[in-house]
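Here is a friendly walk through one protein model, written for someone who likes to keep the structure open while reading. Turn the view as you go and look for the places named below.

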Amino acid sequence: MTEPRPLTSHEEDVKAQFIAVRKTWSPGWETILRLDADFLHAYMNFSAVPWRQNHLPDKVKELIYIAIDANATHMYLPGVRQHVRAALAIGATPAEIMEVLELAATLGIHAMNIGVPILVEVLEEEGLRTGPTPLTERQEEIKAEFTRNRGYWHEFWDEMLELDPELLSAYTEFSSVPWKTGPLEPMVKELVYIAFDTAATHLYTPGLKAHIRNALRLGATAQQILEVMEIASVLGIHAVTTGAPILEEEMDALTGAAEAS
């Protein structure tokens, strides 16, 4: 790798502003700074909105970043590490961070939330289903347990409960662990669900609406929910934080090849 050139005064100024606003810096940001300082400055202003308005505590904001970066539809590991480190530094406990990861692990159930209604639709089109059947005593127990553990029931669980009650029972146990033992308050849990449901890598609208309603009923404000969405909105920067170092490496490789020839 070639020796990096000294930063210009403009680049030094952007770097200083970034560190002052975002309280972080890394070799990746340095690479972006050298390639396009004006872009980094614009991103800083975009990503700093939630940190300037502060409707959520800093610790909760870092937990939201973890939920967005760690969930199965994104898995941006450099971001997970950065925000786990930042969350610990400002007082988050390992149990709180683990709870965020456990909440994010429920995302996979959306295969059922989306798939089961389509299955029902096709069964009806093929004449293989005429309508829902009355719930059995076992199904009523599962519904009551879910509602008791999770604090709500939504119609998108109805057909899953009817067609595969044992799957829903197992999911109830799985998804309820953070609600039984986790240290985060219920409103924060709902904000975590909102974070990964609204993220561009998932965009699960039915869950987003359900968890916004739950969060509001638990005392969240519209501004706090908007702040979660604002944090999720910067996810696209990972195209640059992933791609810019590769660009720099390939530029160095070309320079090295040219010098050797």
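In this report, Ala, Val, Leu, Ile, Met, Phe, Trp, Tyr, Cys and Pro count as nonpolar, Asp, Glu, Lys and Arg as charged, and the others, Gly among them, as polar. With that sorting, the lining of the largest cavity divides into eight nonpolar, five polar and two charged residues. Please keep in mind that this is a predicted model.

**The enclosed space**

Rolling a probe the size of a water molecule over the atoms shows where empty space is left. How many cavities of 30 Å³ or more does the structure hold? There is one, and the space in the largest cavity comes to about 80 Å³. It is lined by 15 residues, and Ile 109, His 110, Tyr 152, Tyr 171 and His 211 are the closest to its centre. Helix H7 (110-125), H11 and helix H12 (205-217) each supply at least two residues of this lining. H11 gives the most, with three residues.

**The open space**

The largest pocket holds about 730 Å³ of space. Its lining is made of 34 residues, and those nearest its centre are Arg 22, Thr 24, Trp 29, Gln 82 and His 83. Several helices each bring at least two residues to this lining: H1 (9-22), H2 (27-35), H3 (37-53), H4, H5 (77-89) and H14 (238-260). Which helix gives the most to it? That is H5, with eight residues. By type, the lining of the largest pocket divides into 17 nonpolar, ten polar and seven charged residues.

**Helix H4**

H4, one of the helices that line the largest pocket, runs over residues 58-70. Its 13 residues reach 18 Å from first C-alpha to last, close to the 18 Å expected at 1.5 Å a residue. Is H4 largely enclosed or largely open? Ten of its 13 residues are buried, so the helix is largely enclosed by the rest of the structure. Among the buried ones are Val 60, Leu 63, Ile 64 and Ile 66, and also Lys 61, Glu 62 and Asp 69.

**Two buried residues**

Leu 184 sits in the loop between H10 and helix H11 (186-198). Because its relative accessible area is 7%, Leu 184 is buried. Beyond its neighbours within four places in sequence, Leu 184 is in contact with Leu 63, Glu 96, Glu 99, Val 100 and Lys 189. Leu 63 is itself one of the buried residues of H4. From Leu 184 to Trp 29, the C-alpha distance is 32 Å, with their positions 155 residues apart in sequence.

Ser 175 belongs to helix H10 (residues 165-181), and its relative accessibility of 1% means that Ser 175 counts as buried. The side chains of Ser 175 and Arg 150 are joined by a polar contact of 3.1 Å. Setting aside residues up to four places away in sequence, Ser 175 touches Thr 106, Arg 150 and Tyr 193.

**Two residues with positive phi**

Most residues other than glycine have a negative phi, and most peptide bonds are trans. The table lists two residues with a positive phi.

| Residue | Phi | Loop | Relative accessibility |
|---|---|---|---|
| Lys 23 | about 60° | between H1 and H2 | 67%, exposed |
| Met 75 | about 50° | between H4 and H5 | 52%, exposed |

Neither Lys 23 nor Met 75 is a glycine.

Note on methods
Residues are numbered from 1 along each chain as its sequence is written. This is a predicted model: local features need pLDDT of at least 70, side-chain atom pairs count only at pLDDT 80 or more; totals for chains, interfaces and linings use all residues. Side-chain values use heavy atoms; hydrogens and water are left out. Helices (H or I, at least four residues) and strands (E, at least two) are DSSP runs, numbered from the N terminus. The expected span of a helix is 1.5 Å times one less than its number of residues. Buried means under 20% relative accessible area, exposed over 50%, partly exposed in between (1.4 Å probe, protein chains only). A polar contact is a pair of N or O atoms within 3.5 Å; within protein, one must be able to donate a hydrogen and the other to accept it, and residues adjacent in sequence count only if both atoms are side-chain atoms. Contact means heavy atoms within 4.5 Å. On a 1 Å grid over the protein atoms alone, a cavity is a set of points where a 1.4 Å probe fits but cannot get out, and a pocket is an open set with protein on both sides within 12 Å along at least five of seven lines; lining residues have an atom within 4 Å of a point. Grid points are joined across faces, edges and corners, and a volume is the space filled by probe spheres set on the points.
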